[in-house]
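Visitor: I'd like to learn how to read the empty spaces and the packing in a model like this one. Can we walk through it together?

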Amino acid sequence: MESAARSDNIGNVVAIRGSVVDIVFKQHLPPIRSLLRTGTDDQIYIEVFSQLDAQRVRGIALTPTQGLARGTLVKDTGGPLQTPVGNGILSRMFDVFGNTMDKQAAPKDVQWRSVHSEPPSLEKRSTKTQVFETGIKVIDVLMPLERGGKAGLFGGAGVGKTVLLTEMIHNMVGQHAGVSIFCGIGERCREGEELYRDMKAAGVLDNMVMMFGQMNEPPGARFRVGHAALTMAEYFRDDEHRDVLLLIDNVFRFIQAGMEVSGLMGQMPARLGYQPTMGTELSQLEERIANTGSGAITSIQAVYVPADDFTDPAAVHTFSHLSASIVLSRQRASEGLYPAIDPLQSSSKMATPSVIGQRHYDLAQDIRRTLAQYAELKDIIAMLGMEQLSPEDHKVVGRARRLERFLTQPFFTTEQFTGMAGKLVSLDDALDGCERILKDEFEAYSENALYMIGAVDEAHDKNKAAAVKESQDGNSLHDA
């Protein structure tokens with residue numbers, strides 16, 4: 001790291017408790033957020049979190065503390081944690097300290113900047129709104145994303161957050177003219193390696209930067225990796241005047257790292273064991289993701305929801321920062337409806353007539369109304385059966401079930417598992433399909449004809465193929 005160490009300011013370790021290290025400085029007390037280095041070859045990094053008295057600071061180690069002992073000398077670097085910025089970082093993979101992780105030489109032509117900066121002031125922010133197309137039908141139709149906004153993918157374990165995020169990267173990085181930055185906070189290293197390989201194969205690595213703080217790293221490193229990635233994003237927005245697509249997987253792990261740090265520092269936990277400063281810490285990260293006159297940072301964030309409980313404080317605090325919330329449902333996943341997005345719980349502030357147009361708005365409202373009526377009728381169907389429904393309710397159920405199946409989509413990122421080729425669907429095709437289903441154009445078709453297709457016209461071919469297969473099966477039975 002290229003921050004000049006204050007060789008005159010040396011301290012001594014006086015206590016070590018796991019990742020918490022107390023250090024005495026006789027000459028000059030380092031300010032909070034200063035980075036200290038110690039150990040053989042200075043390979044142990046410590047960030048100052050509090051000043052205990054006139055000579056003692058308490059820090060959290062950002063690296064493992066094996067080999068550290070009382071009396072070990074500690075150097076003050078004279079500044080906070082820094083990260084590399086510049087065009088030299090493109091197509092590379094970094095850790096929280098700015099070290100490369102892709103087995104290539106350190107990047108040249110880079111500057112080093114502090115990972116801590118203030119959000120842009122209100123007069124610098126841009127107020128124009130524009131829709132950001134993803135090529136995923138259910139998102140573009142019902143919960144359109146905002147260019148320069150923040151979208152969250154909420155869901156419990158194993159409902160497809162990372163798959164959906166990876167599909168969005170695949171669809172958008174290719175058509176996105178700016179820079180894409182992927183930030184992995186406390187997630188699996190397998191996913192990072194797969195993403196790097198996929199992006200390289202897709203040929204989009206040239207305009208992409210990846211930064212990881214994996215789940216095996218100490219909480220201090222996981223807590224700071226988001227700030228480091230944001231510093232890179234701010235450089236491209238403010239200095240290069242480019243649009244940035246920032247992908248974060250997973251915001252809950254950032255909150256969890258803060259909770260671990262808070263516990264190590266001896267703070268009393270708040271509700272459900274979370275740190276008392278959770279709201280402030282999340283705001284310091286989220287408020288830096290903003291649009292200015294020079295460029296925009298569009299952010300898509302995966303958010304793990306503990307035990308599928310959307311009233312959990314971590315989920316509630318994150319909801320408040322977002323312009324679009326995409327909620328993944330375990331029930332829909334169990335029914336095979338992928339992406340398993342719950343259209344009734346998900347929302348977007350872009351879904352207004354003034355932004356998306358009257359036709360799109362009216363269609364989205366019709367779809368929600370149809371799906372909500374079907375949700376209400378499900379109890380009656382479960383108890384009394386379809387026969388007890390009125391003819392009008394029968395039609396509503398048919399429309400809703402066809403809409404649910406049309407809003408599924410085969411993904412490029414899951415081709416090897418499903419054997420189905422991925423589909424990218426334009427907004428016009430998605431709206432056209434929903435409109436024709438609501439007008440009962442596909443009433444005579446089997447529901448399966450609309451399942452896992454792209455544009456709605458593909459249903460004709462699928463229905464014909466199903467009819468041919470049925471007649472062949474019938475003939476073979478007759479012959480037998």
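Guide: Sure, starting with a term: on a 1 Å grid over the protein atoms alone, a cavity is a set of points where a 1.4 Å probe fits but cannot get out, and its lining residues have an atom within 4 Å of a point. Grid points are joined across faces, edges and corners, and a volume is the space filled by probe spheres set on the points. Bear in mind that this is a predicted model, where local features need pLDDT of at least 70 and side-chain atom pairs count only at pLDDT 80 or more, while totals for chains, interfaces and linings use all residues. Residues are numbered from 1 along each chain as its sequence is written, and side-chain values use heavy atoms, leaving out hydrogens and water.

Visitor: How many cavities of 30 Å³ or more does the search find?

Guide: The whole structure holds 1, with a volume of about 40 Å³. Its lining includes Phe182, Glu187, Arg188, Phe212 and Asp249.

Visitor: Which elements give two or more residues to that lining?

Guide: Helices (H or I, at least four residues) and strands (E, at least two) are DSSP runs, numbered from the N terminus. Here they are strand E13 (179-185) and helix H3 (189-202).

Visitor: And what is a pocket?

Guide: A pocket is an open set of grid points with protein on both sides within 12 Å along at least five of seven lines. The largest one has a volume of about 1,200 Å³. Of its 45 lining residues, the closest to its centre are Thr162, Val163, Thr166, Thr413 and Thr414. H3 turns up again, giving the most to this lining with 9 residues.

Visitor: Is strand E14 buried or exposed?

Guide: Buried means under 20% relative accessible area, exposed over 50%, partly exposed in between (1.4 Å probe, protein chains only). In E14 (residues 208-213), 6 of 6 residues are buried: Met208, Met210 and Phe212 on one side, Val209, Met211 and Gly213 on the other.

Visitor: What does E14 pair with?

Guide: Two strands pair if DSSP finds at least two bridges between them. E13 and E14 pair in the parallel sense over 6 bridges, with Ile185 bridging to Gly213.

Visitor: Which residues touch the most others in the largest nonpolar core?

Guide: Such a core is a set of buried Ala, Val, Leu, Ile, Met, Phe, Trp, Tyr and Cys residues joined through side-chain atoms within 4.5 Å. Among its 61 residues, Ile139, Met210 and Ile300 touch the most other members.
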